[in-house]
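Subject: Handover of a structure and notes on what was found

Dear colleague,

Please find the structure below, together with the sequence. My notes follow it, and I would ask you to read them with the model open beside you.

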Amino acid sequence: MAMEFKLRGELRGHDEDVRGVVVCPLGVLTGSRDKTVKVWAPDEATGSYSLVQTLVGHTDFVVAVLYVPPGANDDYPAGAIVSGSRDKTVRVWDPQTAACVAVLSGHEYQVTALGLLPKADGQAGGLVSASLDKTVRVWRDGKCAATLTGHEGPVLCLLVLPGGEILSGSGDTTVKMWAPGGGPCIHTIKAHTDTVRGMCLVPGLGFATASHDMSIKVWDSTGGVLAELVGHTAIVYCVAAVDAPAVAGGGVLLASGSEDNTVKLWRPNGDCLQTIEHPGCIWALDFAADTGDMLSGCSDAVTRVWAADPARAGPAELADVLAATLAARKAEKEAAAAQGGSEGAAGGGGGGGLPPGLKVEEEFALSQPGAKDGENKFIRNSATGEVAAYSWDAKAFQWEKIGVVVEGPAGGAGGAPGARPKKFHAGKEWDYVFDVDIAEGMPPRKLAMNEGDNEYLVASRFIEENELPPYFAEQIVQFIVQNTGGTKKTAATGAGPMDVTGGFCDPFTGGAGGGSRPQPQRPGFQLGGAAGAGPMDVTGGGVDPFTGGGGARSGALPAHSLTHVPCHTYLTFDNVPNLEALGRKIREFNGALAAPQQLTEPELAPGGALEALLAKLPKVASAATSPAAAAAAAQPGVIAAADVALLRRLLAWPADKLFPALDVARLAALDGGAGGGAELLAAPEVAGGLADAQPTPGTLAGALASAAASSLAANHQLALRLAANAVAAPGGGARLRSWALAGSSPLLDRLAPLAAGSTANKAVRLSAATYLGNLAAAVGLGHAQDPDLPLQALSACLELLSAVPSPLDEPDTAFRGLVAAGTLLVTGGRELCQIAKDLDIIDRIHAIMTAARGGGVAEQKLLQAGIDVSAVIARSTGVKVEDK
């Protein structure tokens with residue numbers, strides 16, 4: 001009996017893509033890009049489902065949903081609905097009231113998948129979540145009970161086996177099996193040639209995996225491959241399986257959903273039974289085991305119910321509307337292709353604007369470093385649908401945007417139909433299949449392509465699939481051109497079928513294109529032949545992408561211009577506090593002290609010494625920020641000796657009453673006039689010894705030491721700001737700067753840990769970043785003579801960057817920290833850059849740049865600063881690319 005699923009109903013209610021679908025006793029759970037989870041109850045009268053609850057609380061789109069039956073988990077005995085989101089959290093909901101009963105926080109990036117650990121054989125149950133942060137977490141009692149680490153890429157999917165083992169699929173192309181209950185990794189499977197994106201149990205057999213390599217694989221319980229299902233033409237996002245007698249013929253059935261806008265139905269042996277077109281890509285699938293119905297979650301915001309039993313099919317009008325929608329979309333694509341438009345099904349093999357075979361990925365793919373220099377990725381912007389080309393620059397340690405893919409061939413096969421016999425390879429027909437010898441003693445590898453394919457994309461795909469060094473790209477491209485005549489180009493522009501805006505250079509060689517091509521020789525070739533080295537030198541990575549040196553080609557990439565580093569400008573904290581409130585606080589603290597620490601009544605009285613000192617602070621701040629601040633030494637100072645004498649008494653107060661004095665002192669340090677505050681504070685009896693184990697109370701050094709030793713965040717913030725202003729002292733403040741720099745090593749020992757301490761907040765971290773930036777500027781300007789300062793300050797910068805919870809929440813702190821590090825590295829040269837690499841600075845930079853991608857002006861500054869620092873390191877240390 002032939003099997004054919006028919007449309008039974010549609011679940012409409014979400015505003016954006018349906019990213020998760022689960023069939024459960026409640027009915028159906030769906031999670032969406034619109035940040036909500038919806039609960040749908042069966043409606044036999046209509047043959048579909050009716051909306052009964054909407055769960056609202058996530059602050060970003062919902063990626064995964066899970067149902068916990070009553071009694072299955074001790075933490076939620078009445079059952080629960082669980083959702084994972086791009087907001088980094090897992091939320092647990094009461095299925096009866098729709099109330100959120102728990103928020104599980106801990107993941108650093110998007111939560112991608114969820115699982116339920118069974119309570120069996122003495123094992124503790126629990127929830128399981130996966131994330132782009134490369135980890136799997138086990139949750140019990142509302143807390144993270146275990147963090148499973150070992151994947152080298154983001155974890156995209158999860159599966160809990162009946163015995164409690166956890167399977168995790170990752171962007172590193174592997175599946176890892178973890179011991180029951182969340183124990184150690186007990187097995188790693190090299191599952192696919194690209195990201196493992198989806199997993200499901202296959203009744204009676206084992207499990208199945210879906211991948212970005214466009215395939216589905218069926219595995220036995222030990223990790224042995226039983227079958228490979230090939231047929232999709234783009235990323236396969238999800239897979240589901242069912243053993244339902246209701247399905248025609250009975251037995252096990254698999255469904256797979258892809259970015260090629262189809263669901264395919266399979267038998268586990270690889271037989272494709274049916275292909276169901278959809279109006280968009282398929283993010284999620286599930287089966288109803290009792291009826292055999294299949295549900296598909298689509299990017300058009302609709303969840304569709306498909307029935308294998310003809311008697312359960314929905315009204316014909318429903319199917320007619322879907323058919324009309326699909327026909328209209330197809331007509332739009334054909335019209336766009338005919339007009340040279342850019343709309344098309346990525347990887348769909350023609351019929352659209354993008355080249356056939358082009359693998360388009362999501363934006364999160366850029367959060368992981370490339371595997372090799374020159375690796376290409378094609379990324380769809382989630383907001384605009386635009387597809388951009390990126391190339392991995394190993395020296396800059398970042399993805400460089402080459403341009404936007406705006407045009408492709410109208411057809412997948414290029415020339416006239418029937419002009420060339422098709423060749424069959426890997427389950428598909430191709431215009432060309434070549435043998436490529438990649439090493440002595442190894443069988444040749446197959447390079448398959450269609451006429452009209454972009455030769456650089458073909459070469460990139462072949463290199464990635466076979467884990468070859470990127471410098472073979474040009475050799476492969478030349479061979480393709482020799483034996484196919486190359487991609488057809490227009491005489492007027494020379495543009496290939498995929499025009500990349502902004503892509504003025506060859507992403508593999510840096511060349512501008514053009515030049516003569518050798519004539520065809522043979523339909524197979526060997527990499528790395530008698531000619532010796534390929535077009536790029538293996539050690540050193542060939543052309544330096546920042547200087548243009550190291551290569552013989554005239555079309556090398558232009559030198560990278562540093563934008564933000566080195567920075568030789570001092571920054572100051574010159575904001576004037578509320579003087580009335582500051583005076584009240586000083587008087588309040590003074591009342592709690594005993595003589596001789598107390599200020600006298602005349603000093604506190606209106607018009608007295610305290611009021612006179614506070615009244616001078618706005619003038620000091622104004623002078624420090626004026627264009628003539630650098631020449632302030634020629635003008636008389638504002639702060640007088642009597643003011644400093646009073647300030648010294650405040651600086652001697654106990655730590656819990658110290659911060660008002662620090663606030664006054666950091667402004668007094670900006671008085672650069674002749675005989676003014678900066679000069680007076682630099683006097684030995686006022687400044688004190690920063691290197692002293694117990695600096696004298698009443699001195700700047702004593703106050704800074706006391707503030708650092710306290711637990712008050714206000715003390716930490718103002719001590720760091722005082723130190724920053726001392727280094728930046730304008731005009732006649734050279735003596736104060738010299739004092740601050742001469743004792744910078746012991747002062748850094750006291751102040752640097754404050755940015756990562758338990759009481760640190762945004763203001764403390766920003767103050768620390770500014771202080772470190774001023775120290776870096778002093779090093780670059782030659783004002784600091786301590787040979788140990790660059791390394792010590794760099795270490796402090798790295799600790800600070802690690803302490804920033806989110807660069808998006810504290811962009812100024814992250815930016816100043818990066819600029820400080822870059823400035824120190826420019827001055828420190830190769831030795832300091834190598835130390836920075838050993839201290840994993842690249843990982844910190846990459847984390848910041850990843851978080852900043854796609855943001856606004858502040859985030860773009862962060863990205864540029866990260867590129868600058870990476871460029872400085874690359875120039876000094878180089879990058880060695882090794883042939884595997």
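A98 is a convenient place to begin: this residue sits in the loop that links β8 (89-93) to β9 (100-105). Its phi is near 70°, which is a positive value in a residue other than glycine. For orientation, most residues other than glycine have a negative phi, and most peptide bonds are trans. Please keep in mind throughout that this is a predicted model.

Other unusual backbone angles

N261 also has a positive phi near 70° and is likewise not a glycine. The residue belongs to the loop between β23 (252-258) and β24 (262-266). Is N261 buried or exposed? With a relative accessible area of 13%, N261 is buried, because the limit for that word is under 20%.

Two peptide bonds before prolines are cis. One runs from V565 to P566, with omega near -5°; P566 is located in the loop between β38 (524-526) and α4 (579-591). Another joins A595 to P596, with omega about 10°, and P596 is placed in the loop between α4 and α5 (601-604).

The annotated repeats

An unreviewed UniProt entry lists "repeat: WD" for residues 11-40, 55-103, 104-139, 148-178, 189-220 and 229-266. In the span 11-40, the end C-alpha atoms lie 8 Å apart, and the content is 0% helix and 67% strand. For residues 148-178, the end C-alpha atoms are 8 Å apart, with 0% helix and 55% strand.

Two sheets and a hairpin

As background, strands of a sheet pair through backbone hydrogen bonds, either parallel or antiparallel.

One open sheet has four strands in the order β2-β3-β4-β5, with antiparallel pairing. Its edge strands, β2 (18-24) and β5 (48-56), each pair on one side only. From one strand to the next, the twist averages 20°. Within this sheet, β3 (residues 27-32) and β4 (residues 36-43) are antiparallel and share four bridges. Which residue of β4 stands opposite V28? The residue is W40.

A further open sheet of four strands follows the order β14-β15-β16-β17, and the pairing is antiparallel. Here β14 (155-160) and β17 (185-190) are the edge strands, each paired on one side only. Neighbouring strands of this sheet are turned by 20° against each other on average, direction ignored. β14 and β15 (residues 166-170) run antiparallel and are joined by five bridges. V155 stands opposite S170 of β15.

β12 (residues 136-140) and β13 (residues 143-148) also pair in the antiparallel sense, over five bridges. They form a hairpin with two residues between them, and D141 in the turn has a positive phi of about 55°. The bridge partner of W139 in β13 is C144.

A buried aspartate

D213 lies in the loop between β19 (206-211) and β20 (215-220). The residue is buried yet has no salt bridge, and the nearest side chain of opposite charge, K217, is 5.5 Å away. A salt bridge requires the charged atoms to be within 4 Å. What does the side chain of D213 contact instead? One polar contact, of 3.0 Å, joins the side chains of D213 and H192. The D213 side chain also reaches the backbone nitrogen of T193 at 3.2 Å.

With kind regards

Key:
Residues numbered from 1 in each chain as written. Predicted model: local features only at pLDDT ≥ 70, side-chain atom pairs only at ≥ 80, totals over all residues. Heavy atoms only, no water. UniProt positions renumbered as here; feature names shortened; annotations may be inferred. Pairing = 2+ DSSP bridges. Axes fitted to C-alpha atoms, helices over the stretch in contact; angles between N-to-C directions. Buried < 20%, exposed > 50% of the residue type's maximum accessible area, 1.4 Å probe, protein only. Lys, Arg positive; Asp, Glu negative; His and termini not counted. Polar contact = N/O pair within 3.5 Å; in protein donor to acceptor, adjacent residues only side chain to side chain.
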